[in-house]
Amino acid sequence: MLANSLLGLRVIDFTQVMAGPTCTLCMADLGADVVKVEAPAGDLSRALSPWVHGEGVPFLALNRNKRSIVLDLKQPVHRQVALHLIADADVVVESFRPGVMARFGLDYASVSAENPRLIYCSVSAYGQHGTGKELPGVDGVLQAVSGLMSVTGTRDGAPCKVPVPVVDLLTGSLATISVLAALAERQRTGLGQHVEASMFASAIALQHVSFASYLADGEVPGPQGNAAPYSTPNEALRCADGWIMVAAYHPARWQALCAAVGAPELASDPRFAENRSRLQHREALLRLLEARMLAHPRAFWLERFAAVDIICGPINNYAEVTQSSPFVEAELTESLQHPVAGALTMPRSVLGAVGERPQARRAAPTLGQHTREVLVELGMPSEDIEAVIAAFSTHN
């Protein structure tokens, strides 16, 4: 089963909030033993809303299948514990600003001599090199500086960010790909390596086609609302009771759309005959289409368009999504029992083989829940374990 493909892999996770935890979540969902190292104050996402019995939902969503231990890396004894963890690990993922792990003596150069098979992944805002490497960054700021906010929203509106943390989530996913590639190479060479994932570079990758277009023609794009900049009709169209998204720019589908809305003459209109000319007259085209579509509700048009193979779908809110057939039939949620938050319904992993429904092995951990368990596995003397736990208890 794909969900067990990383079984036996030990990952030490020095990340927090969303980008780094997304990377380690992917590996945990694939069966890896992920030990999440948290400072005494805990991952910052524990404090992000909303909360269930005091437990931050963003943390619960991104840290299932992981074990949590608490170490204060400012303390020499705790750094020694981290070194022991790393010496026995297959993968380390960290998301400190460049230079912080070196100050702790936990950077790749310091630990790879002891563990040359180690895959070490650094996740940061602007990469490990360059003048901006030590700058902090969060998803919204990276959406701004990468140009993403300049092309979202409406033409006459204020700058607009994508409301879900797309840069964080993509960065974590690309970090996972790099780690898996490094593991594949280690099978051939026996050696690990230092890989990285930059939020800024990931945000550029997210806009790969758009930047390719800009580099090709030099035209700076602006916000397009809900329209694709490269084809039309490929946008939201208003009906009598709401909106649907329609992609009918393929020649055959364009002709089918014209017939379906009762305006076959639009297909032969010189302004709209080809995608290039439709883009030049987009506003006029949308006015003509919507004038017809406003006569009927969206259910009417969805059925009519589907009958002639026009790609379309309703613009759903979250309540409508979770009640929709694709969501329900794909079994995209699961029930988990958390020791503090109680019974939870959470999105499940989508990493699986055909016919496989990956299930979480455990809910996200409470802060330091597995400290004793992991330190016992390391073979630490009981008095040393108690000293580490006592330091955490004193802090809290």
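In this predicted model, the charged end of Arg-46 is placed over the ring of Phe-59, at 3.7 Å from the ring centre. A second arrangement of this kind involves Arg-278, whose charged end sits over the ring of Trp-254, 4.8 Å from its centre.

Aromatic rings also pair with one another, and a search of the whole structure finds five aromatic pairs. One of these joins Phe-96 and Phe-104, with ring centres 6.2 Å apart. The planes of Phe-96 and Phe-104 meet at 75 degrees, and the pair is therefore edge-to-face, given that planes over 60 degrees apart are assigned to that class. Phe-96 has a relative accessibility of 25% and so counts as partly exposed. Tyr-108 and Tyr-120 likewise form an edge-to-face pair, with 5.8 Å from centre to centre and 65 degrees between the planes. This pair links distant parts of the chain, since Tyr-108 belongs to helix α5 (residues 108-111) and Tyr-120 to strand β7 (residues 119-124), 12 residues apart. Tyr-120 counts as buried because its relative accessibility is 1%, and the cut-off for this class is under 20%.

A single aromatic cluster is formed by Phe-300, Trp-301 and Phe-305. Two members of the cluster, Trp-301 and Phe-305, are touched by Val-261. Other contacts of Val-261, leaving aside residues up to four places away in sequence, are Leu-289, Arg-292 and Met-293. Val-261 lies in the loop between α10 (251-260) and α11 (275-280). With a relative accessible area of 8%, Val-261 is buried. The C-alpha atom of Val-261 is separated by 58 Å from that of Gln-193, which is 68 residues away along the chain.

Key: Residues numbered from 1 in each chain as written. Predicted model: local features only at pLDDT ≥ 70, side-chain atom pairs only at ≥ 80, totals over all residues. Heavy atoms only, no water. Phe/Tyr/Trp six-rings, centres within 6.5 Å; stacked < 30°, edge-to-face > 60°. Buried < 20%, exposed > 50% of the residue type's maximum accessible area, 1.4 Å probe, protein only. Helix = DSSP H or I, 4+ residues; strand = E, 2+ residues; numbered from the N terminus. Lys NZ or Arg CZ within 6 Å of the ring centre and 35° of its normal. Contact = heavy atoms within 4.5 Å.
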